[in-house]
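Thanks for making the time this morning. I would like to take you through one structure, beginning with the chain as a whole and ending with a few individual residues.

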Amino acid sequence: MKEIVLWATKVGNENWKEEIITTCKTSEIEKLNKAMAWAVSNGFDRLRTNISDLSQIPDFSKTLAI
């Protein structure tokens, strides 16, 4: 199952101060669109999405090797 995470940053905040606005399944695009509109109307200006495949086991060895 794939899931979309919507991240956003408030106007005036540093880029690293992202907040999670919502998560939804890839089939729930309308929910994502509504959340994006809500974020913009509530003072968020930098929005990004991330798609995660929850059926795949993460490979943390790549992170630990850095």
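What follows goes from the overall fold to the surface and charges, and then to an aromatic pair and two further residues.

Please keep in mind throughout that this is a predicted model. The protein chain has 2 helices and 3 strands, and if you read along the sequence they come in the order β-β-α-β-α. The radius of gyration is 14 Å, whereas the globule rule gives 11 Å for 66 residues, so the chain is more spread out than a compact globule. Along the principal axes, the C-alpha atoms occupy a box of roughly 40 × 30 × 10 Å.

Turning to burial and contacts, buried residues amount to 17% of the 66 residues in the protein chain. If we take the contacts with a separation of 6 or more, 57% of them are between residues 24 or more positions apart. The accessible surface is about 5000 Å², and carbon and sulfur atoms contribute 55% of that area. As for charges, the chain carries 9 positive and 9 negative ones, and the mean positions of the two sets lie 2 Å apart.

Let me move to the aromatic residues, where the structure holds 1 aromatic pair. The partners are W38 and F44, whose ring centres are 6.1 Å apart, and with the planes at 35° the pair counts as tilted. How exposed or buried is each partner, in terms of relative accessibility? W38 comes out at 44% and is therefore partly exposed, while F44, at 5%, is classed as buried.

F44 also appears in the contacts of the next two residues, T9 and V11. T9 belongs to strand 1, which covers residues 2-10, and with a relative accessibility of 1% it counts as buried. Setting aside residues up to four places away in sequence, T9 touches E14, N15, K17 and E18, and also G43, F44, D45 and R46.

V11, by contrast, sits in the loop between strand 1 and strand 2, the latter being residues 19-25, and its relative accessible area of 56% makes V11 exposed. Which residues does V11 contact once its neighbours within four places in sequence are left aside? They are G43, F44, D45 and R46, and those four residues are also among the contacts of T9. One last distance concerns V11 and N42, which are 31 residues apart along the chain and have their C-alpha atoms separated by 9.5 Å.

That is where I will stop, and I am happy to go back to any of these points.

Definitions and conventions. Residues numbered from 1 in each chain as written. Predicted model: local features only at pLDDT ≥ 70, side-chain atom pairs only at ≥ 80, totals over all residues. Heavy atoms only, no water. Helix = DSSP H or I, 4+ residues; strand = E, 2+ residues; numbered from the N terminus. Rg over C-alpha atoms; globule rule 2.2 N^0.38 Å. Buried < 20%, exposed > 50% of the residue type's maximum accessible area, 1.4 Å probe, protein only. Contact = heavy atoms within 4.5 Å. Areas by Shrake-Rupley, 256 points an atom, 1.4 Å probe, with all protein chains shown as cover. Lys, Arg positive; Asp, Glu negative; His and termini not counted. Charge placed at Lys NZ, Arg CZ, Asp CG, Glu CD. Phe/Tyr/Trp six-rings, centres within 6.5 Å; stacked < 30°, edge-to-face > 60°.
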